[in-house]
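Please examine the structure shown below. The explanation that follows leads through its sheet, its helices and its core.

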Amino acid sequence: MKTNGDHLLKPISILLFGSLIPLLCTHAHAQLVVIANSSVAATSVSRAELRDVFTGASSSLSGGAQVRPVLLRQGAVHTEFLSLYIDKSDSAFRAGWRSILFSGQGVMPRTLDSDAAVVEYVAHTAGAIGYIGKAAPHEGVKILGVR
């Protein structure tokens, strides 16, 4: 038997579930961290700064610090980083860099095979900035907050 309020249940259910999606997505994206060499003065970085640095549009953060991005070659963390901060697929991201390379306007960031290799590179390279899985050991580097 239907009551007078039944017609409201479906829209309310959709609204409540829809309001949970951003919370679920935020939690899902918490599986990676952005790391930097201790020489990088910044303690946080904006999404726009990450996009600009990792797409070759900029070589510095907003405070003027020169940075050298480093990428993971492939995997879930790499895919998530591109989706969350670059808003591109891996193929679109690499196509953008090929365009920069062929025009002579830049050099593709160093690409490494593992979280450990990224941590090692960032720890020993002034200005380096990269990303790794949240659970990966990260001694010798600092984690940047993303705003």
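The following paragraphs describe a predicted model, beginning with the sheet.

Six strands make up an open sheet, arranged in the order β2-β6-β1-β5-β3-β4, and their pairing is mixed. The edges are occupied by β2 (44-45) and β4 (110-112); each has a single partner strand, so one side of each is left without a neighbour in the sheet. Within the sheet, strand β1 (residues 32-36) pairs with strand β5 (residues 128-133) in the antiparallel sense, over five bridges. In this pairing, Ala 36 stands opposite Ile 129 in β5. Helix α5 (residues 115-124) packs on the sheet and touches β1, β3 (68-72), β4 and β5. The direction of α5 makes about 155° with that of β5.

Attention now turns to two other helices. Helix α2 (residues 47-55) packs with helix α3 (residues 76-86) at an angle of about 120°, and their axes are 9 Å apart. The two helices are therefore oblique to each other. On the α2 side, Arg 47, Leu 50, Arg 51, Phe 54 and Thr 55 meet Phe 81, Leu 84, Tyr 85 and Ile 86 of α3. By class, this contact has six nonpolar, one polar and two charged residues.

Which residues touch the most other members of the largest nonpolar core? They are Phe 54 and Phe 81, in a core of 36 residues. At least two residues of this core are supplied by each of β1, α2, β3, α3, α4 (90-102), α5 and β5. Its largest share, six residues, comes from α3. Leaving aside neighbours within four places in sequence, Phe 81 is in contact with Leu 32, Val 34, Leu 50, Phe 54, Ile 86 and Tyr 131.

Terms used
Residues numbered from 1 in each chain as written. Predicted model: local features only at pLDDT ≥ 70, side-chain atom pairs only at ≥ 80, totals over all residues. Heavy atoms only, no water. Axes fitted to C-alpha atoms, helices over the stretch in contact; angles between N-to-C directions. Helix = DSSP H or I, 4+ residues; strand = E, 2+ residues; numbered from the N terminus. Parallel < 35°, antiparallel > 145°, perpendicular 65-115°, else oblique. Contact = heavy atoms within 4.5 Å. Nonpolar A, V, L, I, M, F, W, Y, C, P; charged D, E, K, R; others polar. Pairing = 2+ DSSP bridges. Core = buried A, V, L, I, M, F, W, Y, C linked by side-chain atoms within 4.5 Å. Buried < 20%, exposed > 50% of the residue type's maximum accessible area, 1.4 Å probe, protein only.
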